[in-house]
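The following paragraphs offer a guided reading of a single protein chain, moving from one residue to the helix around it and then to a packed pair of helices.

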Amino acid sequence: MIFDFNNDIDIIYALDYFIKRDSNNLKIYNPSNFNFDLNDLDNLYRKYVTENEIKEIENIGNFANKAIYVLNNKINIEEYDKFNDYFNKFKIREQIKKDILSNLGLKKLDLNYLENFYKKKLYNKIYIYMTPFVSGAFGIKKDDCFYIILGIKFNEEKNKYTACGTLVPKIIHELSHPIVDEYLENIECNLKDNLLKENCYNENQLGELIVRVLEILLSSKFLGKNYYEWALNVQDSFGFTNVRKIFDIIGDEIDKINDLDMFFKVLLQKDVIKYDI
């Protein structure tokens with residue numbers, strides 16, 4: 001896994017923050033506070049970003065779409081170089097990288113296991129772009145590489161920068177999204193009716209639910225049983241109560257799951273999913 005920074009990611013999310021802040025329209029994935037001075041960046045935004053450019057940025061869409069856009073295009077703002085120079089000198093990056101790479105859970109993450117589970121080449125194929133300008137994470141596949149946009153926050157209790165969420169599960173979650181989406185394109189299935197309604201995302205409920213189950217299934221291999229119970233409680237608190245239901249339904253079959261094909265086979269056998277006819 002390659003942990004790095006991407007100037008265009010920081011630019012698009014920083015501008016998104018300023019645009020939404022000025023219109024009093026900050027969203028859940030916009031950070032609520034920063035532990036560094038935004039004045040110089042704010043001045044660049046106010047001096048050089050035009051109304052037309054603001055509209056173009058808004059029209060790109062949500063945070064995930066902005067990340068996809070950035071990975072496929074250069075940001076279309078006239079004074080791009082001024083923002084690029086700003087982030088080339090962004091002083092907190094060195095500390096962010098040091099703090100994130102010191103995470104003890106990273107040493108337990110077994111990339112060989114994930115390669116065998118997903119049947120995907122992952123070595124030197126996972127790029128994790130860290131940014132303090134978004135409070136969340138997004139997983140994208142492009143040209144056989146996997147890109148994870150990882151929101152970073154300053155944790156005052158730990159006095160260090162940490163991921164927005166638990167690092168290893170967050171990586172597995174965002175890595176799983178494009179893999180699961182691709183897998184579901186090749187099979188026509190859906191959740192059983194008794195699992196369809198819950199207080200969570202309305203869009204792509206099947207994919208999101210499967211990714212959250214995989215997040216816990218795989219992360220517990222590396223982080224242990226204490227993580228497993230804690231993570232189920234977290235999903236309950238988020239409204240994803242079907243995650244626990246699926247683990248209860250799978251039961252002892254969980255030990256037989258050693259790759260993605262077997263995972264879906266068990267879901268089918270246990271009536272968690274059904275093939276569409």
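In this predicted model, Asp81 has a relative accessible area of 51%. Because the cut-off for an exposed residue is over 50%, Asp81 counts as exposed. Asp81 belongs to helix 5, which spans residues 80-88. A separation of 46 Å lies between the C-alpha atoms of Asp81 and Asn233, two residues that stand 152 residues apart along the chain.

The setting of Asp81 becomes clearer from the rest of helix 5. Tyr80, Phe83, Asn84, Tyr86 and Phe87 of this helix are buried. Viewed down the axis of helix 5, these buried residues fall within an arc of 155°, and they therefore line one face of the helix. The face turned away from that buried side carries Asp81 together with Asn88, both exposed. What do the buried residues of helix 5 pack against? Their partners are helix 1 (7-22), helix 2 (39-48) and helix 6 (93-101).

A further part of the model concerns the packing of two other helices. Two packed helices are described by the angle between their axes and by the distance between those axes. For helix 7 (residues 111-118) and helix 9 (residues 205-223), the axes come within 11 Å and cross at roughly 145°. The crossing of helix 7 past helix 9 is right-handed. Helix 7 contributes Tyr113, Leu114, Phe117 and Tyr118 to the contact, while helix 9 contributes Leu214, Leu217, Leu218, Lys221 and Phe222. By residue class, this contact comprises eight nonpolar residues, one charged residue and no polar residues.

Notes:
Residues numbered from 1 in each chain as written. Predicted model: local features only at pLDDT ≥ 70, side-chain atom pairs only at ≥ 80, totals over all residues. Heavy atoms only, no water. Axes fitted to C-alpha atoms, helices over the stretch in contact; angles between N-to-C directions. Helix = DSSP H or I, 4+ residues; strand = E, 2+ residues; numbered from the N terminus. Left-handed = near helix turned anticlockwise from the far one by under 90°. Contact = heavy atoms within 4.5 Å. Nonpolar A, V, L, I, M, F, W, Y, C, P; charged D, E, K, R; others polar. Buried < 20%, exposed > 50% of the residue type's maximum accessible area, 1.4 Å probe, protein only. Arc of directions from axis to C-beta.
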